[in-house]
Amino acid sequence: MTGVQTCALPILHNWLNSESAFYTVATMQWAETQVALGMTTSYADYLKRRFTDPNSRDSRLDRGELETLIGAAERQHVPVGIVLFPDTAAPIDEHYPFGYLHDRVLDTCAAHKLTCLDLRADFAPIKDRQTLWANRLDHHPSARANAIAAERMLKTFSALWAK
């Protein structure tokens with residue numbers, strides 16, 4: 001049992017999660033405890049199971065979705081660029097658990113001759129990864145992470161798109 005499954009009523013879970021920091025922290029701790037006890041798998045392992053094989057059903061479906069997005073933009077003559085934010089909850093080094101996913105997107109970019117920006121190299125040198133988090137409960141990009149990304153995006157895309 002993880003996340004929403006810890007509560008019989010998803011509506012109640014969602015409400016508590018948005019209204020109670022205590023509930024959110026307790027749910028996160030419970031999820032980590034379940035992984036540690038082997039009751040469930042980690043998010044990284046879940047993704048590995050679904051996507052390690054580039055020819056798995058899920059990998060093919062995701063690649064198809066990306067190809068559909070790129071194709072729709074190309075048909076409308078809309079420039080496309082992709083920015084890959086690493087999951088800063090994990091160390092961004094040679095053992096980064098989602099590197100294979102980044103690499104697949106970069107391969108798709110290369111196949112379509114798209115400019116794509118992978119921020120792993122920009123975030124990897126930052127030792128205190130929590131400074132890249134929105135807050136300790138939310139690993140989405142912080143203001144600092146967004147500032148780093150914005151600077152790199154400007155440098156990468158401005159010459160291509162600014163006329």
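In this predicted model, Asp 87 is in contact with Ile 92, Tyr 96 and Phe 98 once neighbours within four places in sequence are left aside. Asp 87 sits in the loop between β1 (81-84) and α5, and the side chain of Asp 87 reaches the backbone nitrogen of Ala 89 at 2.9 Å. With a relative accessible area of 26%, Asp 87 is partly exposed; this value lies between the 20% limit for buried residues and the 50% limit for exposed ones, so the intermediate label applies. For a sense of scale, Asp 87 and Phe 22 are 65 residues apart in sequence, and their C-alpha atoms are 24 Å apart in space.

Two of the contacts of Asp 87, Tyr 96 and Phe 98, lead straight to the interior. The largest nonpolar core has 15 residues, of which Tyr 96, Phe 98, Leu 119, Phe 123 and Leu 132 touch the most other members. Helices α3 (43-51) and α7 each supply at least two residues of this core. Leu 132 is a helpful residue to look at here. Not counting residues up to four places away in sequence, Leu 132 touches Thr 88, Phe 123, Ile 126, His 140, Pro 141, Ser 142, Arg 144, Ala 145 and Ile 148. A second core, separate from the one just described, has 10 residues, among them Ala 73, Ile 82, Cys 109 and Cys 116.

Turning to charged side chains, a search of the whole structure finds 6 salt bridges. One of them joins Asp 122 to Arg 152, with the closest N and O atoms 2.8 Å apart. This pair links distant parts of the chain, as Asp 122 lies in helix α6 and Arg 152 in helix α7, 30 residues apart. Arg 152 is partly exposed, at 26% relative accessibility. Helix α6 (residues 120-123) also holds Arg 120, whose side chain meets that of Asp 103 in a salt bridge of 3.0 Å, N to O. Here again distant parts of the chain are linked, since Asp 103 belongs to helix α5 (residues 99-112) and is 17 residues from Arg 120. Asp 103 counts as partly exposed, with a relative accessibility of 38%.

A further salt bridge brings together the side chains of Asp 58 and Arg 57, at 3.6 Å from N to O. These two residues and Arg 50 are linked in a network of salt bridges. Arg 57 counts as exposed because its relative accessibility of 57% is over the 50% limit.

Arg 152 also takes part in a polar contact through its backbone: the side chain of Thr 156 reaches the backbone oxygen of Arg 152 at 2.8 Å. Thr 156 lies in helix α7 (residues 143-161). Leaving aside neighbours within four places in sequence, the contacts of Thr 156 are Thr 115 and Leu 117.

Finally, the surface has a nonpolar feature worth a look. Leu 9, Leu 12 and Trp 15 make a nonpolar surface patch of about 330 Å². Leu 12 is found in helix α1 (residues 10-19). The relative accessible area of Leu 12 is 37%, so this residue is partly exposed; the value is also over the 30% needed for a place in a patch.

Conventions
Residues numbered from 1 in each chain as written. Predicted model: local features only at pLDDT ≥ 70, side-chain atom pairs only at ≥ 80, totals over all residues. Heavy atoms only, no water. Helix = DSSP H or I, 4+ residues; strand = E, 2+ residues; numbered from the N terminus. Polar contact = N/O pair within 3.5 Å; in protein donor to acceptor, adjacent residues only side chain to side chain. Contact = heavy atoms within 4.5 Å. Patch = residues over 30% accessible without salt bridge, like charges linked within 9 Å, V, L, I, M, F, W, Y side chains within 5 Å. Areas by Shrake-Rupley, 256 points an atom, 1.4 Å probe, with all protein chains shown as cover. Salt bridge = Lys/Arg side-chain N within 4 Å of Asp/Glu carboxyl O. Buried < 20%, exposed > 50% of the residue type's maximum accessible area, 1.4 Å probe, protein only. Core = buried A, V, L, I, M, F, W, Y, C linked by side-chain atoms within 4.5 Å.
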